[in-house]
Amino acid sequence: QVQLVESGGGLVQPGGSLRLSCAASGSIFSIYRMAWYRQAPGKQRELVAAITSIGSTNYADSVKGRFTISRDNAKNTVYLQMNSLKPEDTAVYYCNAHLRSIATSQLSAYWGQGTQVTVSS
């Protein structure tokens with residue numbers, strides 16, 4: 001069984017910063033791509049940033065230059081450093097991981113439960 005647990009969300013003023021963390025645990029053989037998505041009320045879930053196992057990254061245009069994704073492979077953890085936050089960044093942020101579990105030996109996508117980020121004065 002595999003779990004993704006996010007932390008670090010909260011309320012922040014415009015221009016502020018937050019750091020999200022997502023730790024994967026359970027019977028994991030290997031983690032490939034890890035990513036952060038977000039979903040604002042009334043909108044579709046969208047990719048924010050992604051990182052491969054060798055550190056290649058890509059970002060949504062709306063967050064380039066403000067957000068940084070990183071990962072610690074030894075801890076099976078991915079981070080999202082969010083700077084210069086704007087009200088339009090308000091959303092539930094979800095962690096996503098493509099990994100191969102020991103139990104099934106299959107490559108599957110897993111999701112965290114989501115963490116709320118609210119940017120407001």
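## Salt bridges in this predicted model

Arg 38, Glu 46, Arg 66 and Asp 89 are joined in a network of salt bridges. A salt bridge here means a side-chain nitrogen of Lys or Arg within 4 Å of a carboxyl oxygen of Asp or Glu. In total, the structure holds four salt bridges.

A quick word on the ground rules: this is a predicted model, where local features need pLDDT of at least 70, side-chain atom pairs count only at pLDDT 80 or more, and totals for chains, interfaces and linings use all residues. Residues are numbered from 1 along each chain as its sequence is written, and side-chain values use heavy atoms, with hydrogens and water left out.

Here are three of the pairs:

| Salt bridge | Closest N to O distance |
|---|---|
| Glu 46 and Arg 38 | 2.7 Å |
| Asp 89 and Arg 38 | 3.0 Å |
| Asp 61 and Lys 64 | 3.1 Å |

Let's start with Arg 38, which pairs with Asp 89. This pair ties together distant parts of the chain, 51 residues apart: Arg 38 sits in strand β4 (residues 28-39), while Asp 89 lies in the loop between β8 (77-82) and β9 (91-101). Strands are DSSP runs (E, at least two residues), numbered from the N terminus.

So are these partners buried or exposed? Buried means under 20% relative accessible area, exposed over 50%, and partly exposed in between (1.4 Å probe, protein chains only). Arg 38 counts as buried at 6% relative accessibility, and Asp 89 is buried too, at 1%. Glu 46, the other partner of Arg 38 in the table, is partly exposed at 35%.

Then there's the pair of Asp 61 and Lys 64. Both Asp 61 and Lys 64 are exposed.

Definitions and conventions: Helix = DSSP H or I, 4+ residues; strand = E, 2+ residues; numbered from the N terminus.
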